[in-house]
Amino acid sequence: GENDGTLTSCYATGSVSGGKAVGGLVGVNGGYYGSGTITSCFWNTQTSGQTSSAGGTGKTTAEMKQKVTFTSYGWDFVSETMSGTADVWRLCVDGTGYPKLWWQFPRGDFRCPGGVGLEDMAVLSEQWLCEKLSYDIAPGTGDGIVNFFDWAVFANTWQGDMAQLA
């Protein structure tokens, strides 16, 4: 529960309990080893079971599932440029889940949430053989065209998703 370092653009959603140094995000900020820094971080006031924290901003579950909660603090999301172009975070649809790092989404999940499915196949098919599109997902090809290399990545991801359901 103690932060003696630097926390930037982070969030916590889990249940928090304990007898000492307890808080929604951190219980003590800058304890024994000096100072701690917390910038643009959040904690869920409902799921944590905590009403206070030594750092971060408390938000409800509904607020934690809205992109604007994070972009208003400078978080950089895919498909927005106001906070930068690094595209660190991704949130499929407001209200459906918490933000994730962009690489946590399966390649080929164009119409999230929920993994790779028929909607994603429609997007891939629509962009077939078109150039310079973001749906060119085959790593290392760099050709900028949606083609069989991308289909192979898409199909492999689909099989992975189906295996998880079984």
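## Close-up views of a predicted protein model

**View 1. A lysine sits over the face of a tyrosine ring.** K65 lies over the face of Y98, 5.3 Å from the ring centre. Keep in mind, here and in the other views, that this is a predicted model. Y98 also turns up in an aromatic cluster, together with Y11, F42, F70, Y73, W75, F77 and W89. Look around Y98 a bit more and you'll find N44 and M64: Y98 is one of the residues that N44 touches, and Y98 is among the contacts of M64 too.

**View 2. The whole chain, before zooming in again.** What is the secondary structure made of? Four helices and nine strands. If you walk along the sequence, the pattern reads β-β-β-β-β-β-β-α-α-β-β-α-α. The protein has 166 residues, and 33% of them count as buried. About 9,500 Å² of the protein is exposed, with carbon and sulfur atoms supplying 54% of that area. As for contacts with a separation of 6 or more, 45% of them come from residues 24 or more positions apart.

**View 3. N44, a buried asparagine at work on the backbone.** N44 belongs to strand 6, which covers residues 42-44. Is N44 buried or exposed? Its relative accessibility is 0%, so N44 counts as buried. The side chain of N44 has a polar atom 2.8 Å from the backbone nitrogen of Q46. That side chain also reaches the backbone nitrogen of T47, at 3.0 Å. Leaving out residues up to four places away in sequence, N44 touches A12, T13, K59, T60, T61, M64 and Y98.

**View 4. M64 and the largest nonpolar core.** Seven residues make up the largest nonpolar core: F42, M64, F70, W75, F77, W89 and L91. Let's zoom in on M64. Not counting neighbours within four places in sequence, M64 is in contact with Y11, A12, T13, F42, W43, N44, K59, F70, G97, Y98 and P99. Two of these names, F42 and F70, are core members as well. Apart from this core lies another one, made of five residues, and C10, L25, C41 and W43 are among them.

**View 5. Y11 meets F70, a pair across the chain.** The structure holds 10 aromatic pairs, and here is one of them: Y11 with F70. The two rings are tilted, with 55° between the planes and 6.1 Å from centre to centre. Where do the partners come from? Y11 is in strand 3 (residues 11-12) and F70 is in helix 2 (residues 67-71), so to speak distant parts of the chain, 59 residues apart. Check how covered each one is: Y11 is partly exposed at 26% relative accessibility, whereas F70 is buried, with a relative accessible area of 0%.

**View 6. Y11 meets W75 as well.** Y11 and W75 form another tilted pair, 6.3 Å centre to centre with 35° between the planes. Y11 lies in strand 3 while W75 lies in the loop between helix 2 and strand 8 (89-90), so this pair ties together parts that are 64 residues apart in sequence. W75 has a relative accessibility of 1% and therefore counts as buried. Y11, F70 and W75 are all found in the aromatic cluster of View 1.

**View 7. Two residues with a positive phi.** Most residues other than glycine have a negative phi, so the next two are worth a look. Which value does S9 have? Phi of S9 is near 50°, which is positive even though S9 is not a glycine. S9 is in the loop between strand 2 (6-8) and strand 3, and S9 is partly exposed, with a relative accessible area of 22%. A21, also not a glycine, has a positive phi of about 55°. You'll find A21 in the loop between strand 3 and strand 4 (28-29), partly exposed with a relative accessible area of 29%.

**View 8. K20 and the start of the chain.** K20 is in the loop between strand 3 and strand 4. Is K20 buried or exposed? K20 is exposed, with a relative accessible area of 74%. Now find G1: the C-alpha atoms of K20 and G1 are separated by 7.9 Å, and these residues are 19 residues apart along the chain.

Note on methods: Residues are numbered from 1 along each chain as its sequence is written. This is a predicted model: local features need pLDDT of at least 70, side-chain atom pairs count only at pLDDT 80 or more; totals for chains, interfaces and linings use all residues. Side-chain values use heavy atoms; hydrogens and water are left out. Helices (H or I, at least four residues) and strands (E, at least two) are DSSP runs, numbered from the N terminus. Buried means under 20% relative accessible area, exposed over 50%, partly exposed in between (1.4 Å probe, protein chains only). Contact means heavy atoms within 4.5 Å. Accessible areas come from the Shrake-Rupley method with a 1.4 Å probe; for residues, only the protein chains shown count as cover. A polar contact is a pair of N or O atoms within 3.5 Å; within protein, one must be able to donate a hydrogen and the other to accept it, and residues adjacent in sequence count only if both atoms are side-chain atoms. A nonpolar core is a set of buried Ala, Val, Leu, Ile, Met, Phe, Trp, Tyr and Cys residues joined through side-chain atoms within 4.5 Å. Rings of Phe, Tyr and Trp (its six-membered ring) pair if their centres lie within 6.5 Å; planes under 30 degrees apart count as stacked, over 60 as edge-to-face and the rest as tilted. A charge sits over a ring if NZ of Lys or CZ of Arg is within 6 Å of the ring centre and within 35 degrees of the ring normal.
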